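The following exercises introduce a protein structure through its burial, its cores and its side-chain pairs. Please work through each task before reading its solution.

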Amino acid sequence: MTSAPDPAPAPDRPAAPSAAPSGPRGLDLERLRGHLDRALPGLVAGPLTGRLIEGGRSNLTYEVGDGSSRWVVRRPPLGHVLATAHDMRREHRVIAALHGTAVPVPEPLLLCEDEAVLGAPFYVMEYVDGVPFRTAGELAALGPERTRRAVLGLVDTLVDLHAVDPEAVGLGDFGRPEGFLDRQLRRWGKQLAASRGRELAGIDELHGALGRALPDSPAPTVVHGDFRLDNVLIGGTASGADEIRAVLDWEMSTLGDPLTDLGLLVMYSSDLGLTDSPVSTTSAAPGHPAPAELIERYAARSGRDVSQVAWYTAFAWFKLAVILEGIHYRFTLGQTVGAGFDRIGELVPVFIEHGLTTLRQPHEG
């Protein structure tokens, strides 16, 4: 959800028909306007415009505006089958629960489960002006001091999330924390089996080693499930106040082990050791804190025992290896569209090796 110029002011008379008068695919602006007028009278002041926000990996995100105000619409991908994998009610619920806490999230305005409006359930939330930084190159533009401040702010935001009392915000039944890690490991093992089309040295060794070393989870918290720099918006770039404006993409959130979020963040802050990779981390940006500093800051601010963080980081490497192998498998079947997919397969062994190395060399605080 990168920031964008304000839409042009609404015309005094109906605009001439355009090539796509109903909006981008998946977003019928006329039906949306009618529903908003009924559900939230007075919210929309003029004809709606809309655009798909690029960068999403699963659910679709659109920016809509009436010439004076902007909002965001979130809906499942076109033609999806498994509603449980793209649960708009669940996403809306966690954002609504966290809004008003120390965790910065967009204000949710409306949940619509009537598929007659857009063809699928959707929700509307406020538009937050900010920038997602997806690569080390993008982050480097901030300079070392601001990069360091932004990444440390990401850790602080994660601590704030894990400090929220699920019961107090109505999320006490948001997941099943008992046996969380075991279920996660089995789930990703099944994902691997479903996309296995070649021999992968070390993948079974990594999966088995993770299972034998399963740690005892701390008290459960709300976990984001995909917590990293490009799933947040950083604002105030003109003034240098690089605070986290909003945490986005809550589709994998649940109640579970908070250290899974930390392990994933550490993995995405580690050096892949590759150049010109289609999958990148942000660690190469000048000023980016080292993974050890992120771990220490999280431990100091949260008070949690992070002595087993190597397991959680190795699990993150394993999950990404499985995800990338699934993409590679679909590529071999001719089911991917776009550039770069031909290079995904060569990354999988790199992620496996990082996982094995991490598990063999636990973090020493």
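A residue is called buried under 20% relative accessible area, exposed over 50%, and partly exposed in between (1.4 Å probe, protein chains only). The model is predicted: local features need pLDDT of at least 70 and side-chain atom pairs count only at pLDDT 80 or more, while totals for chains, interfaces and linings use all residues. Residues are numbered from 1 along each chain as its sequence is written, and side-chain values use heavy atoms, with hydrogens and water left out.

**Exercise 1. The chain as a whole**

Task: Determine how many helices and strands the protein chain has, and what percentage of its residues is buried.

Solution. Helices (H or I, at least four residues) and strands (E, at least two) are DSSP runs, numbered from the N terminus. On this basis the protein chain has 11 helices and nine strands. Of its 365 residues, 48% are buried.

**Exercise 2. The nonpolar cores**

Task: Identify which residues touch the most other members of the largest nonpolar core.

Solution. A nonpolar core is a set of buried Ala, Val, Leu, Ile, Met, Phe, Trp, Tyr and Cys residues joined through side-chain atoms within 4.5 Å. In the largest one, which has 77 residues, the members sought are Trp250, Phe318 and Phe351. Helix α10 (residues 309-332) gives this core its largest share, 13 residues. Another core, of 17 residues, lies apart from it and includes Leu48, Tyr62, Trp71 and Cys112. As a general background, nonpolar side chains in soluble globular proteins tend to be buried together.

**Exercise 3. Aromatic rings in helix α10**

Task: Classify the ring pair of Trp311 and Phe315 as stacked or edge-to-face, and state whether Phe315 is buried or exposed.

Solution. Rings of Phe, Tyr and Trp (its six-membered ring) pair if their centres lie within 6.5 Å; planes under 30 degrees apart count as stacked, over 60 as edge-to-face and the rest as tilted. For Trp311 and Phe315 the centres are 5.3 Å apart and the planes stand at 25°, so the pair is stacked. Both residues lie in helix α10, four residues apart, about one turn of the helix. Phe315 has a relative accessibility of 2% and therefore counts as buried; Trp311, at 3%, is buried as well. Ring pairs join Trp311, Tyr312 and Phe315 into a cluster.

**Exercise 4. Salt bridges across the sequence**

Task: Find which parts of the chain are linked by the salt bridge of Arg74 and Asp249, and which by that of Glu205 and Arg360.

Solution. A salt bridge is a side-chain nitrogen of Lys or Arg within 4 Å of a carboxyl oxygen of Asp or Glu. The whole structure holds 21 of them. In the pair of Arg74 and Asp249, N and O are 3.2 Å apart. Arg74 belongs to strand β3 (residues 70-75) and Asp249 to the loop between β8 (244-247) and β9 (254-256), and the two are 175 residues apart. Arg74 is buried, at 3% relative accessible area, whereas Asp249 is partly exposed, at 21%. Arg74 and Asp249 also belong to a network of salt bridges with Glu91 and Glu251.

For the second pair, the closest N and O atoms of Glu205 and Arg360 are 3.1 Å apart. Glu205 lies in helix α7 (residues 203-212) and Arg360 in helix α11 (residues 344-360), so this salt bridge ties together parts that are 155 residues apart in sequence. Glu205 is partly exposed, with a relative accessible area of 42%.
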